[in-house]
Amino acid sequence: MHMADSLIPGAPMATPKQLVEVVATIFNVSKATVTVHDRNLSVAGLRTMAGRGRAAAHVTSRDAANLMVAVAASRNVKDSVYTVEQFGGLQSKQNWESYL
């Protein structure tokens with residue numbers, strides 16, 4: 001399943017592992033680095049948590065946004081939580097519309 005599949009109404013959402021893979025590819029960052037960002041956010045309660053494997057949580061759009069902010073704006077992986085707390089709540093000056 002690709003991340004875009006989760007944008008289709010009724011389609012299952014991505015798992016954290018799938019989100020990590022997509023974000024790593026999009027930002028051209030190693031999966032290991034994105035995994036650490038994801039773990040930091042998870043521990044801090046900034047990502048949906050559940051079981052592993054088939055019981056794994058399905059990520060939300062907020063989870064995806066937080067991970068992308070952490071990866072794009074953190075100087076170091078240890079700064080993931082701080083970065084999301086500082087920049088994650090910023091609002092766009094423009095209303096963006098989705099045509100999906």
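The legends below describe close-up views of helix packing and of two individual residues in a predicted model.

Residues carry numbers from 1 along each chain as its sequence is written, and side-chain values rest on heavy atoms, with hydrogens and water left out. Because the model is predicted, local features need pLDDT of at least 70 and side-chain atom pairs count only at pLDDT 80 or more, whereas totals for chains, interfaces and linings use all residues.

**View 1. Helix α3 packed with helix α4.** Helix α3 (residues 61–73) and helix α4 (residues 80–87), both taken from DSSP runs (H or I, at least four residues, numbered from the N terminus), pack at about 110 degrees with their axes 9 Å apart; the axes are lines fitted to C-alpha atoms over the stretch in contact, and angles run from 0 to 180 degrees between N-to-C directions. The angle makes α3 roughly perpendicular to α4, a term that covers 65 to 115 degrees. The crossing of α3 with α4 is right-handed, meaning that the near helix is turned clockwise from the far one by less than a right angle. On the α3 side the contact (heavy atoms within 4.5 Å) is made by N66, V69, A70 and A73, and on the α4 side by S80, T83, V84 and F87. These residues divide into 5 nonpolar, 3 polar and no charged, where Ala, Val, Leu, Ile, Met, Phe, Trp, Tyr, Cys and Pro count as nonpolar, Asp, Glu, Lys and Arg as charged, and the others, Gly among them, as polar.

**View 2. Helix α1 crossing helix α3.** The axes of helix α1 (residues 16–27) and α3 come within 11 Å and cross at roughly 40 degrees, and the two helices are therefore oblique to each other, the class left for angles that are not under 35, over 145 or from 65 to 115 degrees. Here too the crossing is right-handed. Helix α1 contributes L19, V20, V23 and F27, while α3 contributes D63, A64, L67, M68, V71 and A72; by class, the contact has 9 nonpolar residues, no polar and 1 charged.

**View 3. The surroundings of T83 in helix α4.** T83, which lies in helix α4, counts as buried because its relative accessibility is 3%, the limit being under 20% with a 1.4 Å probe and protein chains only. Its side chain is joined to that of S74 by a polar contact of 3.0 Å, that is, a pair of N or O atoms within 3.5 Å, one able to donate a hydrogen and the other to accept it, with residues adjacent in sequence counted only if both atoms are side-chain atoms. Leaving aside residues up to four places away in sequence, T83 touches V69, A70, A73, S74 and G88.

Note on methods: Buried means under 20% relative accessible area, exposed over 50%, partly exposed in between (1.4 Å probe, protein chains only).
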